[in-house]
Amino acid sequence: MTKAQTLPAEPAAGPLSGIKIIDLTRVLAGPYCTMVLADLGARVIKVELPERGDDARHIGPFIDKKSAYFMSVNRGKESIALNLKREEDREIFEALLEDADVLVENYRPGTMEKLGYDWERLHERFPRLIFASASGFGQTGPYREKPAYDMVVQGMGGIMSLTGHPGGEPTRVGTSIGDIGAGLFTALGIVSALYERTKNGTAGGEGRRVDVSMLDCQIAMLENGIARYFATGKVPGPLGARHPSITPFQAFKAKDGYLTIAAGNDALFTRLCELLGLPGLAGDARFTSNEARCQNVEALTAALEARLTGEHVSHWLALLGDAGIPCGPINNVEQALSDPQVIFRNMVVATDDPDVGEVRMAGNPVKISGFADPAARPAAPELDSGRERLLAELKARKKAAE
């Protein structure tokens, strides 16, 4: 794709086509949520502060002074700059809400109330409007007004305590799972509220309040850590690259690097031992059941790696893969993005930015029959670039109502 090529001006058709979302979010959690909804066909109108816009516009990495970070989570949206403390801008904002389906914001709780846009007033005026908020700690509770970022909730929610190697320093998960998790749960809440509104009366259905806390989402994703704690009473800690309850299910050292092997049941373990030329391990009393293998994981790891380190990663991937043993390489980002499966599934897409040309980014992982999954996506908007179009629409709607 060259800079001169024209990409679609509208989001691709999807199951959310016809849904209009007013997006007051910024940085990552909220914009990620609304990007997911835009990828599924919704029209997303991003309301930004005049002059500065979304803070993410000023966060790197940059391509020719434009934020690739911002572009990666705001594709396919429209932008209008409004100062919600100015009466004329409030009038525009409220006019946008008149036929909107969803309002999404990720301000600190209390901000919307100060602006006069609390749930009660909005619901009275726009009864069909779904009002979704993603915040650090939610709209209720003793922490509701505290600020939070991804790092804060990763630490507070317990996930950092499970990440890294035993005895190591606290380790942040390598992607912003605090923000992205909240964005995904908020999108799920919005879609659920849209379904419930439609189910209960299409045009007359009632909007709902969606309240998502980043900390709540971290707790929800603790998964095995919660199960282990309540089952044993012991506080789990980091285990490096192995699973706490399934063995062998981890990264193993080979001659020239590491690979993952996930032999998740006794039959797979027996087959693994046979392929490695270690049939005696499967009959060893220390390894005959998953429970026994978990209790003797260090001994089993040593026995397997004594064999695995004798050959290259590629050798083992071919041998184990052909035999149906779940396994894989440990890719860096470049390798992951160039993987043929990733490419085939259209998980690297491109936008055509008017200033910097082609910008590549992650695709939409939700594939739905009957809807295209285009490799070319609309670019992220320039600040306030949708103003003329949006004001013209509002003027036409007002004229038609007269």
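Before I start, a word on classes: Ala, Val, Leu, Ile, Met, Phe, Trp, Tyr, Cys and Pro count as nonpolar, Asp, Glu, Lys and Arg as charged, and the others, Gly among them, as polar. What you see above is a predicted model, in which local features need pLDDT of at least 70 and side-chain atom pairs count only at pLDDT 80 or more, while totals for chains, interfaces and linings use all residues. Residues are numbered from 1 along each chain as its sequence is written, and side-chain values use heavy atoms, with hydrogens and water left out.

Let me turn to the largest pocket (on a 1 Å grid over the protein atoms alone, a pocket is an open set of points where a 1.4 Å probe fits, with protein on both sides within 12 Å along at least five of seven lines, and lining residues have an atom within 4 Å of a point). This pocket holds about 1,000 Å³ of space, the volume being that filled by probe spheres set on the points, which are joined across faces, edges and corners. Its lining counts 36 residues, with Tyr32, Ser72, Thr175, Met361 and Ala362 nearest the centre, and by class it has 24 nonpolar, eight polar and four charged residues. Helix α1 gives the largest share, five residues (helices are DSSP runs of H or I, at least four residues, and strands runs of E, at least two, numbered from the N terminus).

Strand β13 also supplies at least two lining residues, and it belongs to an open, mixed sheet of three strands in the order β13-β12-β14, where two strands pair if DSSP finds at least two bridges between them. Six bridges join β12 to β13, and these two run antiparallel.
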